[in-house]
Amino acid sequence: MPHPLGTTPSKIVAVHLNYRSRARERGRIPSQPSYFLKPPSSLSGTDEPIVRPQGCELLGFEGEIALVIGERARNVTPENGWSHVRWVTAANDAGVYDLRYADRGSNLRSKGADGFTPIGPRLLDARQLDPAGLRLRTWVNGELAQDDTTDNLLFPFGQLIVDLSRLMTLEPGDVILTGTPAGASVVVPGGVVEVEVSDGTSSTGRLRNAITAGPVLEPYGAMPKADPAEREAAYGSTLPLLDSVVEEGLKSVAVATLSAQLRVRGLPNMSIDGVAPLRSTSTNMVGVAHTLRFLPLREDLFKQVGGGMNAQKRAIEELRPGHVLVIDARRDATAGTIGDILALRAAKLGAAGVVSDGAVRDSATVAELGLPVYAAGPHPSVLGRRHVPWDTGVPIACGGALVQPGDLIVGDADGVVVVPPELARDLIADCREQERQERFITEQVAAGVGIKGLYPIGPAWREPYETWCKGDPQ
């Protein structure tokens with residue numbers, strides 16, 4: 001089906017980073033939006049194939065919200081930015097990372113191929129929409145891969161119009177691709193990508209595009225090539241986001257204290273239950289969550305996705321210093337989810353640890369690696385007994401806790417908790433104060449004082465505690 005615009009726009013402008021979740025994946029938060037252009041010839045519609053050239057392996061999908069300009073825009077004022085948008089629809093900003101090196105920055109060949117900008121299937125009237133109240137979802141082979149809302153944008157839609165119109169004229173029919181949320185990754189021939197934009201009342205319907213294999217590119221220019229850096233970018237690997245101050249702060253407090261302070265903030269379900277360290281340590285495990293999801297074994301699907309560079313191996317190779325690999329094994333400890341070779345590779349890549357609500361194979365060897373590993377227990381089985389590795393870098397459930405890529409993971413002898421990164425600094429301060437009070441209380445109890453009015457510190461003990469603090473070196 002042709003794209004729904006009817007006419008060819010003068011330009012397609014695409015935003016690099018615009019969702020907070022994607023910025024966490026990329027490890028940077030831009031202070032201003034940045035853009036690139038896609039040729040109008042890349043436009044297509046729903047049910048039209050996206051063709052991956054032979055020799056390319058890194059065809060990336062990016063579900064996006066597309067804005068269609070309705071009124072000519074030049075030097076637009078902030079209060080009028082959104083008024084220049086006439087239609088909203090779904091888009092897939094597809095591209096092959098294998099050619100990104102050839103036009104670094106412009107993305108011309110990597111993202112400009114025919115059919116690499118499908119949009120549709122329906123246009124929503126922008127005048128009937130709240131630009132901050134839209135939901136974007138992307139499915140790959142029927143599985144939800146992206147789900148975010150426009151209240152999480154770094155740069156609201158109106159701001160994009162204002163920014164661009166300072167230097168160029170936006171003509172009626174021009175398309176602005178407004179950025180993709182977390183979860184964008186790689187899809188292979190045979191796969192199907194679907195994108196939908198909705199506001200709870202109206203919907204674009206699902207933009208559906210199958211991925212097909214194309215012919216070999218003739219050798220008249222740059223040819224496809226993939227290196228570890230491009231694979232990392234294509235698969236959406238998160239980069240270390242944890243600065244040294246936060247890391248040391250989280251290492252300095254107990255997981256039990258963090259759990260208590262999270263509960264005070266209305267977050268009582270942040271512990272990853274049913275896991276224990278393979279080896280005791282006096283140092284807390286602290287790192288940024290990189291996620292791996294297993295699904296129940298299906299033999300026919302395992303043949304397709306379980307071999308080769310499967311999601312389990314990709315998750316390992318995507319690890320960077322400071323990452324904690326968090327594995328959703330459906331709390332099934334009757335099969336191994338990681339063994340000695342992959343754990344060794346994780347350690348060599350500088351991972352801060354591994355957490356699995358399933359089992360660990362080669363547990364004695366893994367325990368000796370020096371890599372903090374928390375699991376539900378040991379099991380001798382190889383991959384393929386209970387699980388099939390499915391995807392990486394997506395929100396998961398591990399030990400009953402929801403873990404998002406970019407969350408902070410802290411573990412000690414008591415277990416593991418998930419810490420929202422935006423709460424970390426305040427949590428550290430409050431945890432230190434709680435532990436300081438507990439040191440004071442412990443001293444009093446050790447001296448024979450009863451706990452009534454002391455634990456927690458009541459009015460009668462407030463002044464003695466404050467006096468004690470003056471001599472406490474912390």
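## Strand β17 and its partners

Two strands count as paired here if DSSP finds at least two bridges between them. Keep that in mind for β17 (285–296), a strand in what is a predicted model. β17 and β18 clear that bar with six bridges, running in the parallel sense. One pairing to look for on screen: A289 sits opposite V324 in β18.

β17 has other partners too. With β24 it pairs in the antiparallel sense, over five bridges, and there F294 faces P389. Four bridges tie β17 to β27 (residues 408–412), again antiparallel, with V288 matched to L408. So how much of β17 is buried? Of its 12 residues, 11 are, so the strand is largely enclosed by the rest of the structure.

## A five-stranded open sheet

Now for another set of strands. Strands of a sheet pair through backbone hydrogen bonds, and they can do so parallel or antiparallel. Here five strands line up as β4-β14-β13-β10-β11, making an open sheet with mixed pairing. β4 (50–54) and β11 (143–149) are the edge strands; each has a single partner, so one side of each is left without a neighbour in the sheet. On average, neighbouring strands of this sheet are turned by 20° against each other, ignoring direction.

At the β11 end, β10 (residues 135–140) runs antiparallel to β11, and six bridges hold the two together. If you want a landmark there, find L136, which stands opposite D148 of β11.

## Salt bridges

Side chains of opposite charge can pair when their charged atoms come close. How many salt bridges turn up in the whole structure? The search finds 24. One of them joins D125 and R127, with 3.0 Å between the closest N and O atoms. R127 has 57% relative accessibility, so it counts as exposed, the cut-off being over 50%.

Others reach across the chain. R279 and E368 meet at 3.5 Å, N to O. These two are 89 residues apart: R279 is in the loop between β16 and β17, while E368 is in the loop between α10 and β22. R279 is partly exposed at 46% relative accessibility, whereas E368 is exposed at 57%.

Then there's D332 with R386, at 2.8 Å from N to O. This pair also links distant parts of the chain, with D332 in the loop between β18 and β19, and R386 in the loop between β23 and β24, 54 residues apart. Which of the two is buried and which is partly exposed? D332 is buried, at 10% relative accessibility; R386 is partly exposed, at 38%. There's a network as well: salt bridges with shared partners connect R22, K38, E62, D93 and K111.

## Helices α11 and α12

Finally, a helix pair. α11 (residues 424–446) packs against α12 (residues 459–470) at about 105°, their axes being 11 Å apart. Angles of 65 to 115 degrees count as roughly perpendicular, so that is the label for α11 and α12.

Which residues of each helix make the contact? From α11 come E433, R436, Q437, R439, F440, E443 and Q444, and from α12 come W461, R462, P464, Y465, W468 and C469. Sorted by class, the contact has six nonpolar, two polar and five charged residues.

Technical notes. Residues are numbered from 1 along each chain as its sequence is written. This is a predicted model: local features need pLDDT of at least 70, side-chain atom pairs count only at pLDDT 80 or more; totals for chains, interfaces and linings use all residues. Side-chain values use heavy atoms; hydrogens and water are left out. Axes are lines fitted to C-alpha atoms, for helices over the stretch in contact, and angles run from 0 to 180 degrees between N-to-C directions. A salt bridge is a side-chain nitrogen of Lys or Arg within 4 Å of a carboxyl oxygen of Asp or Glu. Buried means under 20% relative accessible area, exposed over 50%, partly exposed in between (1.4 Å probe, protein chains only). Angles under 35 degrees count as roughly parallel, over 145 as roughly antiparallel, 65 to 115 as roughly perpendicular and the rest as oblique. Contact means heavy atoms within 4.5 Å. Ala, Val, Leu, Ile, Met, Phe, Trp, Tyr, Cys and Pro count as nonpolar, Asp, Glu, Lys and Arg as charged, and the others, Gly among them, as polar.
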